[in-house]
Amino acid sequence: MADQHESISLNCPPVDPSAAAAHNWFPGPPPPIYSCTLTPELVAKAREELQEKPEWRLRDVQALRDMILKEQPNLRTRLDDTFLLRFLRARKFDYDRALQLLLNYHAGRKAWPEVFQDLKPSTVKHVLDLGFLTVLPQPDPNGRYILCLRPGKWKPNDYPFVDNVRAIYLTLEKLIQPEETQVNGIVILADYTGVGMSQASNPGPFLAKKVVSILQDGFPIRIKAVNIINEPRIFKGIFAIIKPFLKEKMAERYILHGSDLRSLHRNIPRSVLPEEYGGTAGQLDMSAWSRLLLDCEEEFIVEFCQPDPLEGVVLPDSMLFEGEQASGQDDDTFRGLRSQLYYCY
């Protein structure tokens with residue numbers, strides 16, 4: 001068995017200590033040889049919400065590792081404790097569901113090469129410079145970092161929409177490194193100021209389906225709330241594209257605030273929001289997160305710019321991504337939804 005895994009990376013990618021020190025507002029990943037970094041409060045939270053028992057934690061990781069080695073011996077994946085814990089926590093320590101999530105995670109890369117090929121921060125610098133996304137420097141009172149998206153900053157003539165997906169994915173990869181995020185999850189704040197017909201109709205349902213599938217079933221992160229503000233009238237049409245692909249629990253986590261900042265503040269306190277959203281945490285700084293990602297270039301090269309992890313792997317028929325065969329039906333759906341968008345507009 002060991003010979004079959006000579007090409008598998010067992011360790012986490014290197015993290016530049018100087019880069020981590022330069023961005024001390026955001027917590028770093030656990031040490032290379034796993035040692036729990038959770039506070040006693042978060043240990044208790046993980047026990048209650050994720051069924052994580054500290055005394056069994058490494059036993060559970062080893063059980064998942066053994067399943068991978070037995071059931072997917074050709075899968076090129078990290079097998080270190082730190083990495084596998086992400087998937088166990090995301091699926092509440094259910095071994096079978098954690099393994100399925102890990103397979104989905106790698107299947108997403110194979111199914112969508114436009115996103116994952118040569119994926120590193122320098123290739124999305126134009127997205128970061130535009131101000132499409134950032135992470136607010138302070139977590140909310142529940143310890144959840146806030147991913148702030150501003151889709152109105154993007155225009156279809158600027159660059160392909162898939163570049164936005166690449167930037168979001170890199171951000172999620174960085175966000176999930178700290179154990180705090182693995183336990184607490186994240187919150188999304190999407191500001192739709194400036195979104196018009198060109199942005200709303202560009203992705204299409206097939207692309208929307210792939211994005212939603214990765215976020216729901218192909219990435220080890222817990223999205224606890226999606227706050228939508230300043231949504232235009234056409235957002236009803238945009239949400240009609242997305243909603244069919246959302247699980248019921250995720251759909252219930254979408255909160256539409258319109259321009260009512262008081263409604264937003266009932267969900268995200270003013271103390272962690274920038275002035276642009278009625279907060280008291282100073283002006284919105286788009287550059288800090290951009291610098292953090294760009295300083296992690298080498299880390300992402302090790303993580304993503306490698307041979308196909310699924311080469312030689314036989315995946316079950318129930319895999320998340322089934323190729324392009326459904327695109328015709330999605331196109332028919334899109335034609336109907338596009339007419340809704342024009343009506344709303």
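Which residue is the bridge partner of Ile 186 in β4? In this predicted model, that partner is Ile 223, and the pairing is taken up again in the second of the views below.

**View 1. Overview of the chain in the predicted model.** The chain is made up of 17 helices and five strands, and buried residues account for 53% of its 345 residues. Among contacts between residues at least 6 apart in sequence, 80% join residues that are at least 24 apart. The five strands form an open sheet with the order β1-β2-β3-β4-β5 and mixed pairing. Its edge strands, each of which pairs on one side only, are β1 (133–135) and β5 (254–258). On average, and with direction ignored, neighbouring strands of this sheet are turned by 20° against each other.

**View 2. Strand β3 between its partners β2 and β4.** Strand β2 (residues 145–149) runs parallel to strand β3 (residues 186–191) and is joined to it by five bridges, while β3 and strand β4 (residues 223–229) pair in the parallel sense over six bridges. Ile 186 can be followed across both pairings, since Ile 186 is the bridge partner of Tyr 145 and has Ile 223 as its own bridge partner in β4. Ile 186, Ile 188 and Ala 190 point one way from β3, whereas Val 187, Leu 189 and Asp 191 point the other way, and all are buried. Because six of the six residues of β3 are buried, the strand is largely enclosed by the rest of the structure.

**View 3. Two buried cysteines, Cys 148 and Cys 296.** Cys 148 stands opposite Leu 189 in β3, and with a relative accessible area of 0% it is buried. Cys 296 has a relative accessibility of 8% and therefore also counts as buried, the cut-off being under 20%. A search of the whole structure finds zero disulfides.

**View 4. Packing of helix α8 against helix α16.** Helix α8 (residues 162–175) and helix α16 (residues 297–304) pack at an angle of about 100°, with their axes 12 Å apart, and are therefore roughly perpendicular to each other. On the α8 side the contact is made by Tyr 169, Leu 170, Glu 173 and Lys 174, and on the α16 side by Glu 299, Phe 300 and Phe 304. Helix α8 has 14 residues and reaches 20 Å from its first C-alpha to its last, close to the 20 Å expected at 1.5 Å a residue. This helix is mostly covered, with 14 of its 14 residues buried.

**View 5. Helix α3 and its surroundings.** Helix α3 (residues 57–71) contains 15 residues and reaches 21 Å between its first and last C-alpha, close to the 21 Å expected at 1.5 Å a residue. Its buried residues are Arg 57, Asp 60, Val 61, Ala 63, Leu 64, Arg 65, Met 67, Ile 68 and Leu 69, and what covers them includes α4 (81–90) and α5 (95–111).

**View 6. Gln 283 in the loop between α14 and α15.** Gln 283 is found in the loop between α14 (261–265) and α15 (287–294), and because its relative accessibility is 62%, where over 50% is required, it counts as exposed. Leaving aside residues up to four places away in sequence, Gln 283 touches Pro 274, Glu 275 and Glu 276. The C-alpha atoms of Gln 283 and Leu 273, which lie 10 residues apart along the chain, are separated by 8.8 Å.

Technical notes
Residues are numbered from 1 along each chain as its sequence is written. This is a predicted model: local features need pLDDT of at least 70, side-chain atom pairs count only at pLDDT 80 or more; totals for chains, interfaces and linings use all residues. Side-chain values use heavy atoms; hydrogens and water are left out. Helices (H or I, at least four residues) and strands (E, at least two) are DSSP runs, numbered from the N terminus. The expected span of a helix is 1.5 Å times one less than its number of residues. Buried means under 20% relative accessible area, exposed over 50%, partly exposed in between (1.4 Å probe, protein chains only). Contact means heavy atoms within 4.5 Å. Two strands pair if DSSP finds at least two bridges between them. Axes are lines fitted to C-alpha atoms, for helices over the stretch in contact, and angles run from 0 to 180 degrees between N-to-C directions. A disulfide is a pair of cysteine sulfur atoms within 2.5 Å. Angles under 35 degrees count as roughly parallel, over 145 as roughly antiparallel, 65 to 115 as roughly perpendicular and the rest as oblique.
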